[in-house]
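Me: I'd like to learn how to read pockets and cysteines in a model. Can you take me through them one by one?

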Amino acid sequence: MTLQSGRKHLKAHQRGVDGASLAQLVMSLPVALISLSLVSFAFSLVNAALGLVMAAAWLLSGPLVFHRPAEAAIARYLLGMRRPTPMEAERLGAVWEEVTRRAGVSQGTYELWVQERAELNATAAAGHIVAVTRHAMDRLPNSQLAAVLAHELGHHVGGHTWAGMLADWYALPARTIWRWILAGLAALFRSKSKANMACGGCLTLLLLQFVYVLAFQESMWWLILPLIAAPVLIAWLHRRAEFRADDYAAGLGFGDELMTVLAAEHEARSTPHAPPPVPPQFLPPGAPPMPARPAPVPRQPGPAPKSAHTNFEARLQHLRRGAAERS
């Protein structure tokens, strides 16, 4: 398949919010409330008025992560992304133009970035960022690269990206404290000292008692139960969001290409020692050839954006069922 030409009208609404995004926001409310309480309590130790001011500031800080300079800093320093080189930008621009033309989305609404990761993958991040790995650019023809980018555009259009960003941001204090608690308990239990292990056991019992008091004696089960169920439900919502984004790409006419990418990646993950095939690259007319890569791109250290992309087999089956229903 080659990229098509032509013109389509831009949609009045460039993005929205679907059920998966709304459900993720609702499931994140208990953790957000705990984070707000932690921020207020921490600063109230200095001054009661300061606690209220910082709690209000924390609530208002969420939209700042969608400010373009803030997004660029997050992409560069937290997610390990970089701006594309002129050669990469030329190719990505041609592919992205086709995707946005079919979707009726303004091409400049989102920014294209590159990740130095050895994965056939792309990522939607923050409010305006779509990143593709250099490994994917090296190995995917334009038609398949367009399918991967269309999937990420589906995350943005469906509101999955901004909902996940807000949920993670407002959950950050609570999750940080929880990780510290777990790390401290793990360190005590790993210690060879019986006193440290006994201390860890006592702290664990105190923690369980605190949860019991909140849930039953203080009738705050409405807060505790969602916290317990949240990891499972949010994982399910992430999977639903992946299916929605796949459906979006298929609706733009990239279903076959996306299935090809998913099948190849699933086979590569199933046999990790087998070198993946290198398909020919189809560059836009007049573009200089892409430089050859003698070795796979090494994975860079640092956090990667949270994603459910690794469930390739389930996504592939979902796309096949959708294609069978449409035929």
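The dialogue below takes up the pocket, then the cysteines.

Reply: Keep in mind that this is a predicted model. Start with empty space. Rolling a probe the size of a water molecule over the atoms shows where empty space is left.

Me: What volume does the largest pocket have?

Reply: The largest pocket has about 1,000 Å³.

Me: Which residues lie nearest its centre?

Reply: Val31, Ile34, Ala174, Trp178 and Leu227 do, out of a lining of 23 residues. Two or more lining residues come from each of helix 1 (19-44), helix 7 (160-190), helix 8 (194-217) and helix 9 (221-270).

Me: Which helix gives the most to the lining?

Reply: Helix 9, with 7 residues.

Me: How do the lining residues divide by class?

Reply: There are 20 nonpolar residues, 1 polar and 2 charged.

Me: Now the cysteines. How many disulfides does a search of the whole structure find?

Reply: First the idea. A disulfide is a covalent bond between the sulfur atoms of two cysteines. Here the search of the whole structure finds 0.

Me: Why is there no bond between Cys199 and Cys202?

Reply: Check the distance. The cut-off is 2.5 Å between the sulfur atoms. The closest cysteine sulfur to that of Cys199 is in Cys202, and it is 6.7 Å away, so the two are too far apart for a bond. Turn it round: for Cys202, the closest cysteine sulfur is in Cys199, again at 6.7 Å.

Me: What is the relative accessible area of Cys199, and of Cys202?

Reply: Cys199 has 36% and is partly exposed. Cys202 is also partly exposed, at 48%.

Key
Residues are numbered from 1 along each chain as its sequence is written. This is a predicted model: local features need pLDDT of at least 70, side-chain atom pairs count only at pLDDT 80 or more; totals for chains, interfaces and linings use all residues. Side-chain values use heavy atoms; hydrogens and water are left out. On a 1 Å grid over the protein atoms alone, a cavity is a set of points where a 1.4 Å probe fits but cannot get out, and a pocket is an open set with protein on both sides within 12 Å along at least five of seven lines; lining residues have an atom within 4 Å of a point. Grid points are joined across faces, edges and corners, and a volume is the space filled by probe spheres set on the points. Helices (H or I, at least four residues) and strands (E, at least two) are DSSP runs, numbered from the N terminus. Ala, Val, Leu, Ile, Met, Phe, Trp, Tyr, Cys and Pro count as nonpolar, Asp, Glu, Lys and Arg as charged, and the others, Gly among them, as polar. Buried means under 20% relative accessible area, exposed over 50%, partly exposed in between (1.4 Å probe, protein chains only).
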